[in-house]
Amino acid sequence: MEETHFECPRCGDLLDVRYDWSRATPPRQLAEFERKWAERSEPLSFSGVWRFRELLPFARPDDVVTIGEGQTILQRADAVGQFVGLNAGRLFLQYEGLNPSGSFKDNGMTAAFTHARMVAARRAACASTGNTSASLAIFCAAGGLAKPIVFIGSGKIAYGKLAQALDYGALTIQIVGDFDDAMLRVQQVAKQIGLYLANSVNPFRLEGQKTIMYRVLESLRWEVPDWIVVPGGNLGNSSAFGKAFAELLELGLIARAPRLAIINAEGAGTLFELVEKRRLAWNDGRPNMAIAQNYYRELDAAGKKASTIASAIEINRPVNLKKALRALAVCDGVVRDVTDQEILDAKAKVGAGGLGCEPASAASVAGAKLLRSQGVIRPDERVVCILTGHLLKDPTATVAYHGTDQKQFDEVLGKRGVRRASFANRPVVVPNNLDEIIRAIELYS
Ligand code: F0G
């Protein structure tokens, strides 16, 4: 039996990784990590995750499974910043689409796989809205350790992601249902037949995802920004970011945490509803989870399912809810929701600014804009939006937005309440004729 338990057998809560720092060797200051830059021929120092291994010291170097993840960039984005309503030089985009599988998930998967190797897992599974499955599949293919099994809601994942799971050779189980259904099933199956679970219920995933924040700090030469803005789905990232800052504070490596803004899509707005409307809070470790249970009962009674063009975050029952509440407490956080219209317009601005992203990622930029308009974020504050996944993950949404095919627009976007493609870059159709082609270029360029 190779099942690995990620829940407390007594209370059912998710487990958390805790370190006895007195037995580890954390740096005395963050700038010490700069030494690793000179050791890039060493795979553990090359990795954007493991070069911070002193802050996730759960594995021996020999156990680490790395495929060169975390080579990502923080880019100053003035044009997008202007759209958001920030002064020049104040908006930065952390582009996690540069990971080997094209999303931030590789940061977590390298850590989960390292643990999977430590426990000699033979089969690894996840439920996914697409990116976790792509990441699991690439690590299985490249690391050659375990066989990948992915559970997806049928018709619920974007084409780029499905293509990856299939091409990397994962056993792909399409369940007639959505992510929340797939998540429930994968946990049952993992228990029954013993599979290594690679979803963010796995606390080692979160250890890897902490490093996204270390890289943000590294890019800002160890200065803490004012805001981190992140899309919220299963709330693994938000939870990991909160843990990263809590530990850095505990170790005295930063003087203050940034504020955290978690952005839901309106059609999958559980966290927004619970935190901002029903006042669910961490409450020093004793959140009133009955508030969430009641809300879930209401959703079930109304037959309400998550629905958003940002399919990556089309989730109504986030498994990391409690840890995300802790992150909000650590980082004096806020939660907002944004419409699919706002998401797609922000996405087009991100693309035009030079870093394409998938719809869910653009929720961060749309959320920052909303928080600016509400006066919660000030124009001179330094804001980092996390672009969680690459543009090529979801070509359907992008082409429907920019294209001229009304039927496609209605089918993909119109049914979700998207009315306009405010920043569309329309393809120009011309006859196959030299003069006409040149005339079109002169007219439009
Ligand atoms: N952005 C993208 C591109 C994602 O794929 C996800 C989650 C999120 C944001 C939300 O992150 O769950 O940490 O709050 N995707 C998961 C998956 C659920 O299965 O790929 P979160």
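Colleague: Which residues of α6 are exposed on its other side?
Modeller: Leu184 and Gln192 (exposed is over 50% relative accessible area, buried under 20%, partly exposed in between, with a 1.4 Å probe and protein chains only). This is a predicted model, where local features need pLDDT of at least 70, side-chain atom pairs count only at pLDDT 80 or more, and totals for chains, interfaces and linings use all residues. Residues are numbered from 1 along each chain as its sequence is written, and side-chain values use heavy atoms, leaving out hydrogens and water.

Colleague: And which ones are buried in α6?
Modeller: Phe179, Asp180, Ala182, Met183, Val186, Gln187 and Ala190. They sit on the same side of α6 because they cover an arc of only 165 degrees around the axis (taken from the directions from the helix axis to the C-beta atoms).

Colleague: What covers them?
Modeller: Strands β3 (123-128), β4 (147-153), β5 (171-175) and β6 (196-197) are among the elements covering the buried residues of α6 (contact is heavy atoms within 4.5 Å). Helices (H or I, at least four residues) and strands (E, at least two) are DSSP runs, numbered from the N terminus.

Colleague: What comes after α6?
Modeller: Glycine 194, with a positive phi near 75 degrees.

Colleague: Switching to the open sheet, what is its strand order?
Modeller: The 6 strands run β1-β2-β10-β7-β8-β9, with mixed pairing (two strands pair if DSSP finds at least two bridges between them). At the edges are β1 (73-76) and β9 (334-338), each pairing on one side only.

Colleague: How do β7 and β10 run?
Modeller: Parallel, with 3 bridges joining β7 (residues 227-231) to β10 (residues 383-387). Tryptophan 227 has valine 383 in β10 as its bridge partner.
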